Amino acid sequence: MKAGILIVLLGILAALASAGFFMLKKSGTQDDRRGNKMARALAVRVILSILLFILVWVAYALGWIQPSGVPIER
């Protein structure tokens with residue numbers, strides 16, 4: 001389970017990095033294609049973030065992961 005979460009987190013970072021690359025890339029007259037690639041990369045990042053949230057939620061509901069047990073002092 002930890003490996004799956006790590007893979008999705010790395011995918012989120014990769015999508016964010018590629019969006020930043022397309023944003024900073026100077027390509028002359030191809031601004032529309034650059035903007036489309038950046039928007040697609042950001043959409044992939046959002047989809048992966050939602051997938052990660054659902055994955056953690058389902059894993060907790062099925063008992064595959066447990067809270068760390070850090071006590072809350074009152």
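## A walk along two helices

Start by selecting Gly4: at 30% relative accessibility, it counts as partly exposed, since that label covers values from 20% up to 50%. Keep in mind as you click around that this is a predicted model.

Gly4 sits in helix 1, so color residues 2–24 next. Put a distance between the C-alpha atoms at the two ends and you should get 33 Å. That agrees with expectation, because 23 residues at 1.5 Å a residue should span 33 Å.

Stay on helix 1 and show the side chains of Val8, Ile12, Ala15, Ala19 and Phe22; these are buried.

Now hop from Gly4 to Leu55. The two are 51 residues apart along the chain, yet their C-alpha atoms are separated by 8.9 Å.

Next stop: helix 2, residues 31–61. Pick Lys37, which is found there. Is Lys37 buried or partly exposed? Its relative accessibility is 36%, so Lys37 counts as partly exposed. Add Lys25, Arg33 and Arg40 to the selection, and together with Lys37 you have a positive surface patch.

Move on to Trp57, also a helix 2 residue. With 58% relative accessibility, Trp57 counts as exposed, because the cut-off for that label is over 50%.

Finally, turn on a surface and select Met1, Val46, Ile50, Phe53, Ile54, Trp57, Val58, Leu62 and Trp64. What do these residues make? They form a nonpolar surface patch of about 960 Å², with the exposed Trp57 as one of its members.

Methods: Residues are numbered from 1 along each chain as its sequence is written. This is a predicted model: local features need pLDDT of at least 70, side-chain atom pairs count only at pLDDT 80 or more; totals for chains, interfaces and linings use all residues. Side-chain values use heavy atoms; hydrogens and water are left out. Patches are made of residues with over 30% relative accessible area and no salt bridge: like charges are joined within 9 Å, nonpolar side chains (Val, Leu, Ile, Met, Phe, Trp, Tyr) within 5 Å. Accessible areas come from the Shrake-Rupley method with a 1.4 Å probe; for residues, only the protein chains shown count as cover. A salt bridge is a side-chain nitrogen of Lys or Arg within 4 Å of a carboxyl oxygen of Asp or Glu. Lys and Arg count as positive and Asp and Glu as negative; His and the chain ends are not counted. The place of a charge is taken as NZ of Lys, CZ of Arg, CG of Asp or CD of Glu. Helices (H or I, at least four residues) and strands (E, at least two) are DSSP runs, numbered from the N terminus. Buried means under 20% relative accessible area, exposed over 50%, partly exposed in between (1.4 Å probe, protein chains only). The expected span of a helix is 1.5 Å times one less than its number of residues.
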